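Work through the exercises below with the sequence and the model side by side. Try each task before reading the solution under it.

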Amino acid sequence: MIFIMQKAEHVDSCGQMEESHIDDATCISEFMPQRGSGPVALSVARAKELISLYTMAQNPNMTHLKISKPFVLPPLWVRCDSSDPEHTCWLGAEPLKTGNKITGISFHIVTCNGPTSEKICFANLEDLKKAHKIRHRSSIVSTKGFAQYELVRSTALEDTIVDSESNIYIDITWNNVDKILQTPPLTAAATLNMRLESGDPRSPLFQLHRELQFLLVLAEGLKTGVTEWPEPLVAESAVELVQEFLDDLKNKLDGFNTSVQKNDTERIQCDSAAVDSSIKSLFSERGDLDFAEKLWCRMRSSVASYQVLVECFTLIIRSLENGEIQPWIHQGSSSLLSKLIQQSYHGAVEAVSLSGITPIQMLLEIGLDKMKKDYVSCFIGQELATLTYLDYFISTSVDLQEQLHRVQKLHHMLEILVNCIVFLHFKHENLFPLMQSCIKYYKENPLNEKHVFQLPIRPAAVNKFYQNDHAQIWRVEISSGHGQKEAKTVWQLSTSPPFEHMTSNNLGVLGDTTVNGNTEENTYFITMANCSQVHFA
(Lines give C-alpha, C1' and ligand atoms only; values in the text may rest on other atoms or scores of the structure.)
Protein backbone atom coordinates (compact mmCIF):
# COMPACT_ATOMS: atom_id res chain seq x y z
CA MET A 1 0.00 0.00 0.00
CA ILE A 2 1.11 3.54 -0.74
CA PHE A 3 -0.35 7.01 -0.19
CA ILE A 4 -0.84 9.18 -3.27
CA MET A 5 -1.58 12.85 -2.68
CA GLN A 6 -3.01 15.27 -5.22
CA LYS A 7 -4.99 18.49 -5.38
CA ALA A 8 -8.68 18.22 -4.52
CA GLU A 9 -11.70 20.46 -4.62
CA HIS A 10 -12.07 22.97 -1.84
CA VAL A 11 -13.90 21.73 1.22
CA ASP A 12 -16.12 24.23 3.04
CA SER A 13 -14.89 23.06 6.42
CA CYS A 14 -11.44 24.36 5.52
CA GLY A 15 -12.85 27.75 4.61
CA GLN A 16 -14.63 27.96 7.95
CA MET A 17 -11.42 27.44 9.92
CA GLU A 18 -10.17 30.42 11.86
CA GLU A 19 -7.54 32.31 9.88
CA SER A 20 -4.99 31.90 12.66
CA HIS A 21 -5.17 28.12 12.31
CA ILE A 22 -5.01 27.81 8.54
CA ASP A 23 -1.22 28.05 8.26
CA ASP A 24 -0.70 25.29 10.82
CA ALA A 25 -3.32 22.93 9.41
CA THR A 26 -3.30 20.51 6.50
CA CYS A 27 -6.69 20.76 4.88
CA ILE A 28 -8.39 17.38 4.57
CA SER A 29 -9.33 18.21 0.98
CA GLU A 30 -5.78 17.48 -0.09
CA PHE A 31 -6.27 13.87 0.92
CA MET A 32 -9.52 13.46 -0.97
CA PRO A 33 -9.91 12.53 -4.65
CA GLN A 34 -10.97 15.39 -6.86
CA ARG A 35 -14.09 15.26 -8.98
CA GLY A 36 -13.34 15.92 -12.63
CA SER A 37 -11.54 14.63 -15.66
CA GLY A 38 -8.43 13.39 -13.91
CA PRO A 39 -5.95 13.89 -11.07
CA VAL A 40 -4.58 17.39 -10.53
CA ALA A 41 -1.09 17.94 -9.18
CA LEU A 42 0.02 20.08 -6.26
CA SER A 43 2.66 22.78 -6.58
CA VAL A 44 6.20 21.55 -6.11
CA ALA A 45 6.59 23.79 -3.05
CA ARG A 46 3.48 22.30 -1.41
CA ALA A 47 4.65 18.78 -2.27
CA LYS A 48 8.00 19.42 -0.57
CA GLU A 49 6.19 20.69 2.51
CA LEU A 50 4.05 17.55 2.70
CA ILE A 51 7.09 15.30 2.26
CA SER A 52 8.79 17.24 5.08
CA LEU A 53 5.78 16.78 7.39
CA TYR A 54 5.66 13.06 6.53
CA THR A 55 9.37 12.72 7.34
CA MET A 56 9.04 14.53 10.67
CA ALA A 57 6.13 12.29 11.68
CA GLN A 58 8.31 9.23 11.04
CA ASN A 59 11.45 10.56 12.74
CA PRO A 60 11.72 9.11 16.28
CA ASN A 61 13.96 12.04 17.27
CA MET A 62 11.10 14.54 16.89
CA THR A 63 10.09 14.16 20.55
CA HIS A 64 8.48 17.63 20.65
CA LEU A 65 5.72 16.28 18.40
CA LYS A 66 4.68 14.07 21.32
CA ILE A 67 3.76 11.06 19.16
CA SER A 68 2.83 8.52 21.80
CA LYS A 69 3.12 5.43 19.65
CA PRO A 70 5.18 5.82 16.45
CA PHE A 71 4.35 3.45 13.63
CA VAL A 72 5.57 2.96 10.09
CA LEU A 73 3.44 4.71 7.47
CA PRO A 74 3.13 3.39 3.90
CA PRO A 75 5.30 5.15 1.31
CA LEU A 76 4.03 8.60 0.25
CA TRP A 77 3.99 9.88 -3.33
CA VAL A 78 2.86 13.41 -4.21
CA ARG A 79 1.81 14.50 -7.69
CA CYS A 80 3.67 17.69 -8.67
CA ASP A 81 2.77 20.31 -11.29
CA SER A 82 6.32 20.60 -12.74
CA SER A 83 6.39 24.30 -11.85
CA ASP A 84 10.07 24.24 -10.88
CA PRO A 85 12.97 24.56 -13.37
CA GLU A 86 13.60 20.79 -13.24
CA HIS A 87 9.93 20.04 -14.10
CA THR A 88 9.37 17.77 -11.12
CA CYS A 89 6.25 15.63 -11.58
CA TRP A 90 6.53 13.32 -8.53
CA LEU A 91 8.08 13.52 -5.08
CA GLY A 92 8.20 10.38 -2.98
CA ALA A 93 9.29 9.24 0.47
CA GLU A 94 9.65 5.70 1.78
CA PRO A 95 10.64 4.64 5.31
CA LEU A 96 13.81 2.61 5.84
CA LYS A 97 13.39 -0.04 8.53
CA THR A 98 15.41 -2.40 10.62
CA GLY A 99 12.87 -4.82 12.02
CA ASN A 100 10.03 -2.63 13.31
CA LYS A 101 12.30 0.37 13.90
CA ILE A 102 12.46 3.28 11.43
CA THR A 103 16.08 4.12 10.68
CA GLY A 104 15.67 6.68 7.92
CA ILE A 105 13.81 7.84 4.82
CA SER A 106 14.49 7.19 1.14
CA PHE A 107 13.52 10.22 -0.96
CA HIS A 108 12.55 10.01 -4.63
CA ILE A 109 12.30 12.74 -7.24
CA VAL A 110 10.92 12.21 -10.76
CA THR A 111 11.32 14.86 -13.48
CA CYS A 112 10.00 14.94 -17.02
CA ASN A 113 10.78 17.09 -20.07
CA GLY A 114 9.56 16.99 -23.63
CA PRO A 115 8.38 16.12 -26.10
CA THR A 116 11.48 16.42 -28.25
CA SER A 117 13.06 14.71 -31.23
CA GLU A 118 16.46 16.33 -30.61
CA LYS A 119 18.95 13.55 -29.93
CA ILE A 120 21.23 16.12 -28.31
CA CYS A 121 18.77 16.20 -25.40
CA PHE A 122 19.25 12.49 -24.77
CA ALA A 123 21.54 11.43 -21.98
CA ASN A 124 24.77 9.50 -22.42
CA LEU A 125 24.75 6.15 -20.62
CA GLU A 126 28.31 6.51 -19.31
CA ASP A 127 27.48 9.97 -17.94
CA LEU A 128 24.42 8.55 -16.15
CA LYS A 129 26.49 5.76 -14.60
CA LYS A 130 29.20 8.20 -13.53
CA ALA A 131 26.67 10.54 -11.91
CA HIS A 132 25.09 7.63 -10.06
CA LYS A 133 28.45 6.49 -8.69
CA ILE A 134 29.22 9.98 -7.42
CA ARG A 135 25.79 10.55 -5.88
CA HIS A 136 25.68 7.21 -4.09
CA ARG A 137 29.40 6.75 -3.47
CA SER A 138 29.47 3.40 -5.19
CA SER A 139 32.23 1.88 -7.32
CA ILE A 140 30.15 -0.85 -8.97
CA VAL A 141 26.83 -0.40 -10.77
CA SER A 142 24.59 -2.71 -12.78
CA THR A 143 22.25 -1.80 -15.61
CA LYS A 144 18.92 -3.22 -16.70
CA GLY A 145 17.10 -2.31 -19.88
CA PHE A 146 13.41 -2.21 -20.75
CA ALA A 147 11.75 -1.57 -24.10
CA GLN A 148 8.13 -1.64 -25.20
CA TYR A 149 7.17 -1.93 -28.86
CA GLU A 150 3.71 -1.77 -30.40
CA LEU A 151 3.30 -4.64 -32.84
CA VAL A 152 -0.35 -4.18 -33.84
CA ARG A 153 -2.60 -1.23 -33.07
CA SER A 154 -6.18 -0.62 -34.18
CA THR A 155 -6.52 2.86 -35.67
CA ALA A 156 -9.75 4.78 -36.08
CA LEU A 157 -11.73 4.32 -39.28
CA GLU A 158 -12.85 7.35 -41.25
CA ASP A 159 -16.60 7.97 -41.32
CA THR A 160 -17.26 5.47 -38.52
CA ILE A 161 -17.92 5.66 -34.81
CA VAL A 162 -15.69 2.68 -34.08
CA ASP A 163 -13.39 3.57 -31.18
CA SER A 164 -11.33 0.47 -30.60
CA GLU A 165 -8.57 0.30 -28.02
CA SER A 166 -7.18 -2.94 -29.40
CA ASN A 167 -3.43 -3.28 -29.50
CA ILE A 168 -0.69 -5.86 -29.25
CA TYR A 169 2.63 -4.84 -27.74
CA ILE A 170 5.72 -6.51 -26.35
CA ASP A 171 7.66 -5.74 -23.17
CA ILE A 172 11.34 -6.71 -23.24
CA THR A 173 13.86 -6.68 -20.39
CA TRP A 174 17.58 -7.44 -20.39
CA ASN A 175 20.70 -6.91 -18.31
CA ASN A 176 23.90 -5.07 -19.20
CA VAL A 177 22.71 -2.18 -21.34
CA ASP A 178 25.27 -1.03 -23.93
CA LYS A 179 23.89 2.36 -24.96
CA ILE A 180 20.83 4.60 -24.93
CA LEU A 181 18.08 3.28 -27.24
CA GLN A 182 19.85 -0.04 -27.61
CA THR A 183 17.80 -2.61 -29.54
CA PRO A 184 17.08 -5.47 -27.11
CA PRO A 185 19.23 -8.57 -27.66
CA LEU A 186 17.54 -11.81 -28.72
CA THR A 187 18.56 -13.32 -25.38
CA ALA A 188 16.30 -10.88 -23.53
CA ALA A 189 13.15 -11.87 -21.64
CA ALA A 190 9.95 -10.80 -23.40
CA THR A 191 6.23 -10.75 -22.68
CA LEU A 192 3.57 -10.31 -25.34
CA ASN A 193 0.59 -8.23 -24.22
CA MET A 194 -2.74 -8.36 -26.05
CA ARG A 195 -5.87 -6.28 -25.57
CA LEU A 196 -8.34 -6.96 -28.35
CA GLU A 197 -11.90 -5.74 -28.75
CA SER A 198 -14.40 -7.36 -31.08
CA GLY A 199 -16.36 -5.51 -33.75
CA ASP A 200 -13.67 -3.88 -35.88
CA PRO A 201 -15.00 -4.00 -39.49
CA ARG A 202 -11.45 -4.78 -40.66
CA SER A 203 -11.21 -7.90 -38.52
CA PRO A 204 -11.17 -11.21 -40.41
CA LEU A 205 -13.88 -12.31 -37.97
CA PHE A 206 -16.21 -9.38 -38.51
CA GLN A 207 -18.91 -11.45 -40.23
CA LEU A 208 -18.80 -13.95 -37.38
CA HIS A 209 -19.08 -11.03 -34.98
CA ARG A 210 -22.24 -9.89 -36.78
CA GLU A 211 -23.69 -13.36 -36.41
CA LEU A 212 -22.97 -13.20 -32.68
CA GLN A 213 -24.56 -9.76 -32.50
CA PHE A 214 -27.78 -11.19 -33.89
CA LEU A 215 -27.79 -13.70 -31.03
CA LEU A 216 -27.41 -10.79 -28.61
CA VAL A 217 -30.38 -9.04 -30.23
CA LEU A 218 -32.50 -12.16 -29.71
CA ALA A 219 -31.34 -12.53 -26.10
CA GLU A 220 -32.21 -8.89 -25.40
CA GLY A 221 -35.64 -9.52 -26.89
CA LEU A 222 -36.17 -12.38 -24.45
CA LYS A 223 -35.34 -10.11 -21.51
CA THR A 224 -37.22 -6.97 -22.53
CA GLY A 225 -39.97 -8.29 -24.78
CA VAL A 226 -38.82 -5.90 -27.52
CA THR A 227 -36.64 -7.16 -30.38
CA GLU A 228 -34.74 -4.66 -32.56
CA TRP A 229 -34.62 -6.69 -35.77
CA PRO A 230 -31.59 -5.88 -37.94
CA GLU A 231 -31.85 -5.21 -41.66
CA PRO A 232 -31.91 -8.44 -43.74
CA LEU A 233 -28.61 -9.34 -45.40
CA VAL A 234 -30.24 -11.04 -48.40
CA ALA A 235 -32.95 -10.01 -50.87
CA GLU A 236 -35.09 -13.15 -50.53
CA SER A 237 -37.59 -13.27 -47.70
CA ALA A 238 -37.09 -15.67 -44.81
CA VAL A 239 -40.34 -17.47 -45.59
CA GLU A 240 -39.22 -18.11 -49.20
CA LEU A 241 -35.83 -19.39 -48.09
CA VAL A 242 -37.33 -21.73 -45.48
CA GLN A 243 -39.99 -23.03 -47.88
CA GLU A 244 -37.33 -23.69 -50.51
CA PHE A 245 -35.23 -25.52 -47.94
CA LEU A 246 -38.18 -27.67 -46.85
CA ASP A 247 -39.11 -28.47 -50.46
CA ASP A 248 -35.57 -29.66 -51.07
CA LEU A 249 -35.77 -31.99 -48.06
CA LYS A 250 -39.15 -33.31 -49.22
CA ASN A 251 -37.73 -34.09 -52.66
CA LYS A 252 -34.79 -35.93 -51.12
CA LEU A 253 -37.15 -37.92 -48.91
CA ASP A 254 -39.23 -38.83 -51.98
CA GLY A 255 -36.11 -39.97 -53.81
CA PHE A 256 -35.90 -37.14 -56.32
CA ASN A 257 -32.44 -35.85 -57.26
CA THR A 258 -32.75 -32.15 -58.00
CA SER A 259 -30.31 -29.40 -58.79
CA VAL A 260 -31.31 -27.61 -55.62
CA GLN A 261 -28.66 -29.54 -53.69
CA LYS A 262 -25.84 -27.65 -55.33
CA ASN A 263 -27.50 -24.29 -54.69
CA ASP A 264 -28.10 -25.35 -51.10
CA THR A 265 -24.41 -26.06 -50.57
CA GLU A 266 -23.41 -22.75 -52.13
CA ARG A 267 -25.86 -20.84 -49.95
CA ILE A 268 -24.65 -22.53 -46.79
CA GLN A 269 -21.05 -21.68 -47.59
CA CYS A 270 -22.06 -18.09 -48.25
CA ASP A 271 -24.35 -17.54 -45.31
CA SER A 272 -22.83 -19.62 -42.54
CA ALA A 273 -20.22 -17.87 -40.40
CA ALA A 274 -18.59 -16.16 -43.37
CA VAL A 275 -14.97 -15.41 -42.64
CA ASP A 276 -12.13 -13.57 -44.30
CA SER A 277 -10.12 -15.48 -46.90
CA SER A 278 -6.96 -14.92 -44.85
CA ILE A 279 -8.13 -17.46 -42.26
CA LYS A 280 -10.09 -19.94 -44.39
CA SER A 281 -7.64 -22.68 -43.46
CA LEU A 282 -8.18 -21.92 -39.77
CA PHE A 283 -11.93 -21.50 -39.81
CA SER A 284 -12.98 -23.69 -42.72
CA GLU A 285 -16.66 -24.37 -43.33
CA ARG A 286 -17.87 -27.33 -41.31
CA GLY A 287 -19.14 -30.21 -43.41
CA ASP A 288 -21.43 -31.63 -40.73
CA LEU A 289 -24.13 -28.94 -40.49
CA ASP A 290 -27.42 -30.50 -39.42
CA PHE A 291 -30.95 -29.38 -40.25
CA ALA A 292 -31.19 -26.84 -37.41
CA GLU A 293 -27.82 -25.29 -38.27
CA LYS A 294 -28.69 -24.94 -41.96
CA LEU A 295 -31.98 -23.42 -40.94
CA TRP A 296 -30.16 -20.89 -38.75
CA CYS A 297 -27.90 -19.91 -41.65
CA ARG A 298 -30.97 -18.96 -43.70
CA MET A 299 -33.02 -17.31 -41.01
CA ARG A 300 -30.32 -15.19 -39.36
CA SER A 301 -29.72 -13.32 -42.59
CA SER A 302 -33.33 -12.88 -43.64
CA VAL A 303 -35.73 -12.70 -40.66
CA ALA A 304 -36.86 -9.09 -40.35
CA SER A 305 -39.83 -9.26 -37.99
CA TYR A 306 -41.53 -11.31 -35.31
CA GLN A 307 -44.41 -12.20 -37.66
CA VAL A 308 -42.02 -13.55 -40.30
CA LEU A 309 -40.30 -15.64 -37.61
CA VAL A 310 -43.64 -17.16 -36.58
CA GLU A 311 -44.48 -17.96 -40.22
CA CYS A 312 -41.14 -19.74 -40.69
CA PHE A 313 -41.53 -21.96 -37.62
CA THR A 314 -45.16 -22.65 -38.57
CA LEU A 315 -43.98 -24.06 -41.91
CA ILE A 316 -41.32 -26.19 -40.21
CA ILE A 317 -43.58 -27.64 -37.50
CA ARG A 318 -46.33 -28.40 -40.04
CA SER A 319 -43.85 -30.34 -42.19
CA LEU A 320 -42.71 -32.31 -39.14
CA GLU A 321 -46.25 -33.05 -38.03
CA ASN A 322 -47.23 -34.25 -41.52
CA GLY A 323 -44.15 -36.46 -41.82
CA GLU A 324 -43.07 -34.58 -44.96
CA ILE A 325 -39.47 -34.30 -43.71
CA GLN A 326 -37.27 -36.40 -41.42
CA PRO A 327 -34.25 -34.16 -40.97
CA TRP A 328 -30.98 -35.23 -39.39
CA ILE A 329 -29.76 -33.40 -36.28
CA HIS A 330 -26.73 -33.70 -34.00
CA GLN A 331 -27.07 -35.61 -30.77
CA GLY A 332 -26.92 -33.70 -27.51
CA SER A 333 -28.91 -30.63 -28.52
CA SER A 334 -31.42 -29.47 -25.92
CA SER A 335 -33.22 -26.96 -28.14
CA LEU A 336 -37.00 -27.13 -28.49
CA LEU A 337 -36.73 -27.59 -32.26
CA SER A 338 -34.38 -30.56 -31.80
CA LYS A 339 -36.87 -32.17 -29.41
CA LEU A 340 -39.67 -31.73 -31.96
CA ILE A 341 -37.51 -33.29 -34.67
CA GLN A 342 -36.70 -36.27 -32.45
CA GLN A 343 -40.41 -36.69 -31.72
CA SER A 344 -41.16 -36.65 -35.47
CA TYR A 345 -39.04 -39.81 -35.88
CA HIS A 346 -41.73 -41.60 -33.85
CA GLY A 347 -44.66 -39.96 -35.67
CA ALA A 348 -45.87 -37.81 -32.77
CA VAL A 349 -44.96 -34.13 -32.50
CA GLU A 350 -46.18 -32.27 -29.44
CA ALA A 351 -48.21 -29.11 -30.04
CA VAL A 352 -46.23 -25.90 -29.63
CA SER A 353 -47.84 -22.49 -29.27
CA LEU A 354 -45.87 -20.08 -31.42
CA SER A 355 -46.72 -17.05 -29.32
CA GLY A 356 -44.98 -14.80 -26.84
CA ILE A 357 -41.23 -15.31 -26.61
CA THR A 358 -41.31 -18.94 -27.77
CA PRO A 359 -40.35 -18.30 -31.46
CA ILE A 360 -37.50 -15.98 -30.40
CA GLN A 361 -36.24 -18.53 -27.88
CA MET A 362 -36.36 -21.30 -30.53
CA LEU A 363 -34.24 -19.21 -32.93
CA LEU A 364 -31.80 -18.25 -30.18
CA GLU A 365 -31.38 -21.89 -29.17
CA ILE A 366 -30.50 -23.14 -32.65
CA GLY A 367 -28.15 -20.18 -33.17
CA LEU A 368 -26.35 -20.90 -29.91
CA ASP A 369 -25.98 -24.58 -30.83
CA LYS A 370 -24.58 -23.66 -34.24
CA MET A 371 -22.04 -21.11 -32.98
CA LYS A 372 -20.86 -23.31 -30.12
CA LYS A 373 -19.99 -26.04 -32.61
CA ASP A 374 -18.28 -23.52 -34.90
CA TYR A 375 -15.95 -22.27 -32.17
CA VAL A 376 -15.25 -25.68 -30.68
CA SER A 377 -14.51 -27.09 -34.14
CA CYS A 378 -11.91 -24.37 -34.65
CA PHE A 379 -10.08 -24.81 -31.34
CA ILE A 380 -10.09 -28.60 -31.56
CA GLY A 381 -9.17 -28.59 -35.25
CA GLN A 382 -6.08 -26.51 -34.49
CA GLU A 383 -5.23 -28.85 -31.58
CA LEU A 384 -5.43 -25.97 -29.11
CA ALA A 385 -7.93 -27.57 -26.71
CA THR A 386 -9.91 -30.74 -26.10
CA LEU A 387 -13.68 -31.07 -26.00
CA THR A 388 -13.50 -31.85 -22.29
CA TYR A 389 -11.47 -28.70 -21.59
CA LEU A 390 -14.03 -26.62 -23.48
CA ASP A 391 -17.06 -28.18 -21.80
CA TYR A 392 -17.58 -25.14 -19.57
CA PHE A 393 -18.21 -22.94 -22.62
CA ILE A 394 -20.75 -25.23 -24.31
CA SER A 395 -22.64 -26.52 -21.28
CA THR A 396 -26.44 -26.39 -21.49
CA SER A 397 -26.89 -26.73 -17.72
CA VAL A 398 -27.11 -22.93 -17.37
CA ASP A 399 -29.78 -20.56 -18.71
CA LEU A 400 -29.70 -19.14 -22.25
CA GLN A 401 -28.34 -15.75 -21.17
CA GLU A 402 -25.35 -17.38 -19.45
CA GLN A 403 -24.83 -19.73 -22.41
CA LEU A 404 -24.63 -16.70 -24.69
CA HIS A 405 -22.22 -14.97 -22.31
CA ARG A 406 -19.90 -17.98 -22.56
CA VAL A 407 -20.17 -18.01 -26.35
CA GLN A 408 -19.05 -14.36 -26.30
CA LYS A 409 -15.98 -15.52 -24.37
CA LEU A 410 -15.28 -18.10 -27.09
CA HIS A 411 -15.52 -15.40 -29.73
CA HIS A 412 -13.10 -13.13 -27.87
CA MET A 413 -10.58 -15.96 -27.58
CA LEU A 414 -10.94 -16.62 -31.30
CA GLU A 415 -10.28 -12.93 -32.03
CA ILE A 416 -7.02 -13.22 -30.09
CA LEU A 417 -6.09 -16.43 -31.90
CA VAL A 418 -6.79 -15.01 -35.35
CA ASN A 419 -4.84 -11.81 -34.72
CA CYS A 420 -1.82 -13.82 -33.61
CA ILE A 421 -2.02 -16.00 -36.73
CA VAL A 422 -2.81 -13.34 -39.34
CA PHE A 423 -0.66 -10.46 -38.07
CA LEU A 424 2.08 -12.12 -36.01
CA HIS A 425 2.29 -15.42 -37.94
CA PHE A 426 2.40 -17.45 -34.74
CA LYS A 427 2.80 -21.21 -34.89
CA HIS A 428 1.35 -23.87 -32.60
CA GLU A 429 4.22 -23.62 -30.08
CA ASN A 430 3.07 -20.11 -29.15
CA LEU A 431 -0.64 -20.43 -29.87
CA PHE A 432 -1.16 -23.39 -27.55
CA PRO A 433 0.06 -21.80 -24.27
CA LEU A 434 -1.72 -18.58 -25.19
CA MET A 435 -5.07 -20.29 -25.70
CA GLN A 436 -4.64 -22.34 -22.53
CA SER A 437 -4.12 -19.10 -20.64
CA CYS A 438 -7.20 -17.50 -22.22
CA ILE A 439 -9.39 -20.51 -21.49
CA LYS A 440 -8.25 -20.61 -17.87
CA TYR A 441 -8.96 -16.90 -17.46
CA TYR A 442 -12.44 -17.10 -18.93
CA LYS A 443 -13.41 -20.10 -16.85
CA GLU A 444 -12.83 -17.95 -13.79
CA ASN A 445 -13.80 -14.43 -14.93
CA PRO A 446 -16.61 -12.65 -16.79
CA LEU A 447 -16.22 -11.36 -20.34
CA ASN A 448 -13.72 -8.48 -20.37
CA GLU A 449 -12.44 -7.29 -23.73
CA LYS A 450 -10.22 -4.71 -22.02
CA HIS A 451 -8.27 -7.41 -20.18
CA VAL A 452 -4.63 -7.65 -21.22
CA PHE A 453 -3.65 -11.25 -21.95
CA GLN A 454 0.05 -12.01 -21.57
CA LEU A 455 2.36 -14.60 -23.06
CA PRO A 456 6.05 -15.10 -22.28
CA ILE A 457 7.78 -15.35 -25.65
CA ARG A 458 11.20 -15.46 -27.26
CA PRO A 459 12.10 -12.10 -28.88
CA ALA A 460 13.22 -14.00 -31.99
CA ALA A 461 9.56 -14.91 -32.66
CA VAL A 462 8.55 -11.27 -33.18
CA ASN A 463 11.74 -9.23 -33.57
CA LYS A 464 11.11 -8.73 -37.30
CA PHE A 465 8.15 -6.54 -36.32
CA TYR A 466 10.16 -4.13 -34.18
CA GLN A 467 13.86 -4.37 -35.09
CA ASN A 468 13.63 -1.38 -37.45
CA ASP A 469 11.01 0.48 -35.43
CA HIS A 470 11.08 2.98 -32.59
CA ALA A 471 10.21 1.85 -29.09
CA GLN A 472 7.14 3.40 -27.45
CA ILE A 473 9.02 3.21 -24.14
CA TRP A 474 12.75 2.72 -23.65
CA ARG A 475 14.25 2.71 -20.17
CA VAL A 476 17.52 2.03 -18.42
CA GLU A 477 17.81 1.35 -14.70
CA ILE A 478 21.16 1.88 -13.00
CA SER A 479 21.47 0.36 -9.54
CA SER A 480 24.00 -0.19 -6.80
CA GLY A 481 23.95 -1.62 -3.30
CA HIS A 482 21.62 -4.25 -1.88
CA GLY A 483 18.60 -4.41 0.38
CA GLN A 484 17.94 -1.22 2.34
CA LYS A 485 21.04 0.36 0.85
CA GLU A 486 20.04 -0.26 -2.75
CA ALA A 487 19.95 2.92 -4.84
CA LYS A 488 18.55 3.36 -8.33
CA THR A 489 18.68 5.90 -11.12
CA VAL A 490 16.12 5.51 -13.89
CA TRP A 491 16.23 7.28 -17.27
CA GLN A 492 13.35 6.78 -19.70
CA LEU A 493 12.13 7.83 -23.13
CA SER A 494 8.43 7.51 -24.00
CA THR A 495 6.35 8.59 -26.98
CA SER A 496 3.45 9.68 -24.74
CA PRO A 497 3.30 11.55 -21.41
CA PRO A 498 4.28 9.03 -18.71
CA PHE A 499 1.89 10.34 -16.03
CA GLU A 500 -1.82 11.09 -16.19
CA HIS A 501 -1.60 14.38 -14.27
CA MET A 502 0.77 15.93 -16.80
CA THR A 503 -0.73 18.67 -18.98
CA SER A 504 0.50 20.74 -21.90
CA ASN A 505 0.91 23.68 -19.51
CA ASN A 506 3.49 22.01 -17.29
CA LEU A 507 5.64 20.17 -19.82
CA GLY A 508 9.18 21.27 -20.47
CA VAL A 509 9.30 21.38 -24.27
CA LEU A 510 12.74 20.78 -25.69
CA GLY A 511 13.84 21.64 -29.21
CA ASP A 512 11.91 21.37 -32.45
CA THR A 513 9.67 18.37 -33.22
CA THR A 514 9.71 18.55 -37.01
CA VAL A 515 12.26 17.83 -39.70
CA ASN A 516 12.32 18.62 -43.41
CA GLY A 517 9.61 21.23 -42.93
CA ASN A 518 6.51 19.02 -42.67
CA THR A 519 7.49 15.49 -41.74
CA GLU A 520 7.12 14.85 -38.03
CA GLU A 521 9.92 12.82 -36.49
CA ASN A 522 9.42 10.43 -33.60
CA THR A 523 9.29 12.55 -30.43
CA TYR A 524 9.95 11.50 -26.86
CA PHE A 525 9.27 12.57 -23.32
CA ILE A 526 12.42 12.30 -21.20
CA THR A 527 11.79 11.11 -17.65
CA MET A 528 14.38 10.68 -14.93
CA ALA A 529 14.04 9.28 -11.41
CA ASN A 530 16.66 9.69 -8.68
CA CYS A 531 16.71 8.67 -5.06
CA SER A 532 18.65 9.63 -1.94
CA GLN A 533 18.65 8.35 1.61
CA VAL A 534 18.65 10.15 4.95
CA HIS A 535 19.40 8.10 8.07
CA PHE A 536 18.13 9.25 11.47
CA ALA A 537 20.97 9.67 13.94
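**Exercise 1.** Find which strand holds Pro115, and determine what form the peptide bond from Gly114 to Pro115 takes.

*Solution.* Start with the element: Pro115 is found in strand β4, where helices (H or I, at least four residues) and strands (E, at least two) are DSSP runs, numbered from the N terminus. Next look at the bond that leads into Pro115, which is cis, with omega near 5°. As background, most residues other than glycine have a negative phi, and most peptide bonds are trans. Before going on, note that this is a predicted model, in which local features need pLDDT of at least 70 and side-chain atom pairs count only at pLDDT 80 or more, while totals for chains, interfaces and linings use all residues. Residues are numbered from 1 along each chain as its sequence is written, and side-chain values use heavy atoms, with hydrogens and water left out.

**Exercise 2.** Trace the neighbours of β4 and say which strands it pairs with, and in which sense.

*Solution.* Two strands pair if DSSP finds at least two bridges between them. On one hand, β3 (residues 88-98) and β4 (residues 101-116) run antiparallel and are joined by ten bridges. Within this pair, Leu91 stands opposite Ile109, and Thr98 has Lys101 as its bridge partner. Two residues lie between the strands of this hairpin, and Gly99 takes a positive phi near 70° there. On the other hand, β4 pairs with β13 (residues 524-535), again in the antiparallel sense, over eleven bridges; in this pairing Cys112 faces Thr527.

**Exercise 3.** Place these strands in the whole sheet, and find which helix packs on the sheet by touching β5, β9, β10 and β13.

*Solution.* The open sheet has eleven strands with mixed pairing, in the order β1-β2-β3-β4-β13-β10-β9-β5-β6-β7-β8. Its edge strands are β1 (3-5) and β8 (453-457), each of which pairs on one side only. From one strand to the next, the twist averages 15°. The helix to find is α4 (residues 125-136), which touches β5 (142-153), β9 (473-480), β10 (487-494) and β13, its direction making about 35° with that of β9. Here contact means heavy atoms within 4.5 Å, and the axes are lines fitted to C-alpha atoms, for helices over the stretch in contact, with angles that run from 0 to 180 degrees between N-to-C directions.

**Exercise 4.** Decide whether Trp474 is buried or exposed, and list what it touches.

*Solution.* Trp474 has its place in strand β9. Its relative accessible area is 1%, so Trp474 is buried, given that buried means under 20% relative accessible area, exposed over 50%, and partly exposed in between (1.4 Å probe, protein chains only). Leaving out residues up to four places away in sequence, Trp474 touches several residues, among them Phe146, Trp174, Ile180, Trp491 and Gln492. Gln492 is 18 residues from Trp474 along the chain, and their C-alpha atoms are separated by 5.7 Å.

**Exercise 5.** Compare the end-to-end distance of α6 and of α11 with the expected span.

*Solution.* The expected span of a helix is 1.5 Å times one less than its number of residues. For α6 (residues 238-253), with 16 residues, this should give 22 Å, and the end C-alpha atoms are 23 Å apart, which agrees. Helix α11 (residues 358-381), with 24 residues, reaches 34 Å from its first C-alpha to its last, close to the 34 Å expected. As for cover, 18 of the 24 residues of α11 are buried, and in α6 the buried residues include Leu241, Phe245 and Leu249.

**Exercise 6.** Ser82 and Glu383 are not glycines, yet have a positive phi; find where each lies and how accessible each is.

*Solution.* Ser82, with a phi of about 60°, lies in the loop between β2 (76-79) and β3, and counts as buried because its relative accessibility is 6%. Glu383, with a phi of about 55°, has its place in the loop between α11 and α12 (391-394). Glu383 has a relative accessible area of 59%, so it is exposed.
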